[in-house]
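This report looks at one helix, the nonpolar cores and the cysteines of a single model. Please keep the sequence and the structure in view while reading.

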Amino acid sequence: MIIFIAPYSLEPSFAAMGAVRKMETIINVLSDFGDIILVNSAHNETGWYHRDVRKRKIGRTTVLEYLPRRWPGRKPGKFLNLFEIGSIIRDILYQYGKPQILWLYNPYAFEACFAIKLSRLHSCPVVLELEDAPFARKRGLNPKPWLDNLAYKRLLPCVDYAFCVNKALAACLEEHKIKTFLLPGLLAQSFLEKIQKGSKGEVFDMVKLLKEF
C-alpha cells in the first residue's frame, strides 16, 4: 500500500496549473507497485463533514480517497486539520496496514507534518515531490507560507528521496544530502512513455527506484 498525500482538486483555478495532470500521472505510475490511498488535503467541500473514505477513479487507477474533516471555512478548516493528523495516521495504519511508501506532493504544512508524524510511528521511504518553495508565491499577510516553511524545514531530515521540477529546487535539497531527481513540470507523451518503459537514462529512473522499495 502506498500513501499519496496531496491537495487534489478539479477546481478550474487549480487544474489550470497542470497540477492535477501531474498528480494523476504519478498516481498511475505508483499504482503499478501497490494499492493507493490518496489523503486529500484540498478541503474541496466547505461545510460540516466528518472524515470520509471513498473510492475514486483517477486516470486509469481506482484509489481510496481519505478525506480529513471539512469545515465551513476552508482556511480555518485546513488549519484545524493539522490537529487531527495523528488520529488520521493511526486510523489508516489500523484500517489498511503499514505503507510501503509515503509520497508527498509539495511540503505544505499538513503534508509535511503528516510525514513527520508517520515517520515516528512507522519506518518507510518518504518521497517528496517539490513543485514550489514555500515562499514561491506572494500571499500578502497570509501566515500560511510561514507555517509551510517551518514544517518544510522540520520535514527534510525525514525525506529519503525527492523529485524536483527544476535544478534550482533540486540543488536546495541536495545540500541536505537528499537523493534528488528531476521531474519536469510539463509531461509530454514521450516522457510518459519513457516512464512506462522503466526509463532509459534520459529522464529520472523512477520505476527502478520504486522497485528497490
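The text below takes the helix, then the cores, then the cysteines.

The model is predicted, so local features need pLDDT of at least 70 and side-chain atom pairs count only at pLDDT 80 or more, while totals for chains, interfaces and linings use all residues. Residues are numbered from 1 along each chain as its sequence is written, and side-chain values use heavy atoms, leaving out hydrogens and water.

Helix H4 (helices are DSSP runs of H or I, at least four residues, numbered from the N terminus) covers residues 85-96, and its end C-alpha atoms are 16 Å apart, which agrees with the 16 Å expected for 12 residues (1.5 Å times one less than the number of residues). Within H4, Ile-85, Gly-86, Ile-88, Ile-89 and Ile-92 are buried, that is, under 20% relative accessible area with a 1.4 Å probe, protein chains only. Seen down the axis, these buried residues fall within an arc of 165 degrees (taken from the directions from the helix axis to the C-beta atoms), so they line one face of H4.

The largest nonpolar core (buried Ala, Val, Leu, Ile, Met, Phe, Trp, Tyr and Cys residues joined through side-chain atoms within 4.5 Å) has 35 residues, and Ile-92 and Phe-114 are among those with the most contacts inside it. H5 gives the most to this core, with seven residues.

The structure holds zero disulfides, a disulfide being a pair of cysteine sulfur atoms within 2.5 Å.

| Cysteine | Relative accessible area |
|---|---|
| Cys-113 | 25%, partly exposed (from 20% to 50%) |
| Cys-164 | 0%, buried |

The sulfur of Cys-164 is 8.3 Å from the closest cysteine sulfur, in Cys-172, which is too far for a bond.

Conventions. Helix = DSSP H or I, 4+ residues; strand = E, 2+ residues; numbered from the N terminus.
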